[in-house]
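Notebook open, coffee poured. I want to look through this model one piece at a time and jot down what turns up.

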Amino acid sequence: MPDARTLIFHLSDIHFGLENDRALDWVKNEIAMRRPDAVAITGDITMRARTREFGAATEWIRSLEAPITLEVGNHDLPYFNLIERFVTPYARFRGVESMVEKELQLPGLAIVPLKTTVRAQPRFNWSKGWITSKALAKTLRAIDAMPPGTRALVTAHHPLREVGTAGTALTRNGSNALAELAKRPVAAVLSGHVHDAFDIVEQTANGPVRMIGAGTLSQRIRSTPPSFNEIVWDGANLAVTVRNLSELPTEAMQIDDVPEDAMPPRKPGDPVAPANAVPLVDPPVH
Ligand SMILES: [Fe+2]
Ligand SMILES: [Fe+2]
């Protein structure tokens, strides 16, 4: 019998420039083996939006064997070149342009992006989230245009409200956006930015909204190891599993510097081992 379940991998905050190669090799391999129906990357694909960081990010993302949608994170807008930041902020995404803020249709479920990253803000810290009226209207229009019976999985970079993690999002207009989303058939809002995973339900004046956050795949970890979320949609419910790099043996558990002539301690009366004796240790696990 065919598997009616839809599998979505939710990745975030890869931060090329300070990426974690081991985490990226693991995720790429998981995608090749498990063949998810979609991969949602919720922003911060680079560290400082440098050209070489975008080059590496583009190459890795394009090598993934799955339909992909990609959000723009606050780290992905030109940082050193303010003219470019204002005039052509997305120019460096050209290698993955077709994936940026892309809607994806899945059986009974639509991935609908919501932009939370802006070029500038009337406050000192431009890294925080801001949902403009225009961005919210665009997302709500897309949800309202879904075929009847479809649920929306909204993808954003910043969590729409504080989620109790070490990192903060302080998203302007986030509460209003949540209240509008609560009126609609939204299965969950996926986000990144805070580098720790979470799965919570936010109450609004119009009802509850589920918010799911993915951790980071970079070296910029906060409270938890590198991770991504595996989301299964069975047609009615979403089940989320946080896949964590600590599932794999850590380097501290690997023995890779045993000297070639390593020997177990000799006891009186033991025969002398031959010169080509194999050390009594397990081979390193990779
Ligand atoms: Fe980030
Ligand atoms: Fe961010």
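**Entry 1: strands 1 and 10.** I began with one bridge: I8 has I231 in strand 10 as its partner. A reminder for myself is that this is a predicted model. Zooming out from that bridge, I found strand 1 (residues 6-11) running antiparallel to strand 10, with five bridges joining them.

**Entry 2: strands 10 and 11.** Next I followed strand 10 (residues 227-233) to strand 11 (residues 238-244), and this pair is antiparallel over seven bridges. One of the partners I looked up was that of S227, which is N244 in strand 11. Four residues lie between the two strands of this hairpin, and G235 has a positive phi there, near 100°.

**Entry 3: the sheet.** In what order do the five strands of the open sheet lie? I read 3-2-1-10-11, with mixed pairing. Strand 3 (68-70) and strand 11 sit at the edges, each pairing on one side only. On average, neighbouring strands here are turned by 20° against each other, ignoring direction.

**Entry 4: the helices by the sheet.** I then looked at helix 1 (residues 21-34), which lies across strand 1, strand 2, strand 10 and strand 11. Helix 1 runs at about 170° to strand 1. Helix 2 has twelve residues and spans 16 Å from first to last C-alpha, close to the 16 Å expected at 1.5 Å a residue. Which residues of helix 2 are buried? My list is E53, F54, A57, T58, W60 and I61. The buried residues of helix 2 pack against strand 1, helix 1, strand 2 and strand 3.

**Entry 5: the iron ion (ligand 1).** On to the metals. The protein donors of the iron ion (ligand 1) are D13 (OD), H15 (NE2), D44 (OD) and H195 (NE2), at 2.0 to 2.3 Å from the ion. Why is the arrangement around the iron ion (ligand 1) irregular? I checked the angles at the four donor atoms, and they run from 87 to 174°. Four donors would count as tetrahedral if all angles lay between 85 and 135 degrees, so the upper value of 174° rules that label out. Along the chain I noted the spacing D-x1-H-x28-D-x150-H for these donors. D44 is in the loop between strand 2 and helix 2, and H195 is in the loop between strand 7 (186-191) and strand 8 (198-204), so this pair ties together parts 151 residues apart in sequence. I also looked up the accessibility of H195: its relative accessible area is 1%, and the residue is buried.

**Entry 6: the iron ion (ligand 2).** Here the protein donors are D44 (OD), N74 (OD1), H157 (NE2) and H193 (ND1), lying 2.1 to 2.3 Å from the iron ion (ligand 2). The donor spacing in sequence reads D-x29-N-x82-H-x35-H. The angles among the four donor atoms are 86 to 152°, and this site is irregular too.

How far apart are the two iron ions, and which residue coordinates both? I get 3.6 Å, with D44 as the residue that coordinates both. D44 and H157 link distant parts of the chain, 113 residues apart, and H157 is in the loop between strand 6 (151-155) and helix 5 (174-182).

Is D44 buried or exposed? Its relative accessibility is 1%, so I put D44 down as buried. H157 is buried as well, with a relative accessible area of 0%.

Key: Residues are numbered from 1 along each chain as its sequence is written. Chains are lettered from A and ligands numbered from 1 in the order in which they are written. This is a predicted model: local features need pLDDT of at least 70, side-chain atom pairs count only at pLDDT 80 or more; totals for chains, interfaces and linings use all residues. Side-chain values use heavy atoms; hydrogens and water are left out. Donors are N, O and S atoms within 2.8 Å of the metal (3.2 Å for Na, K and Ca); water is not among the atoms, so sites may look incomplete. Four donors count as tetrahedral if all angles lie between 85 and 135 degrees; four count as square planar and six as octahedral if opposite donors are over 155 degrees apart and all others between 65 and 115; anything else is irregular. Buried means under 20% relative accessible area, exposed over 50%, partly exposed in between (1.4 Å probe, protein chains only). Two strands pair if DSSP finds at least two bridges between them. Axes are lines fitted to C-alpha atoms, for helices over the stretch in contact, and angles run from 0 to 180 degrees between N-to-C directions. Contact means heavy atoms within 4.5 Å. The expected span of a helix is 1.5 Å times one less than its number of residues.
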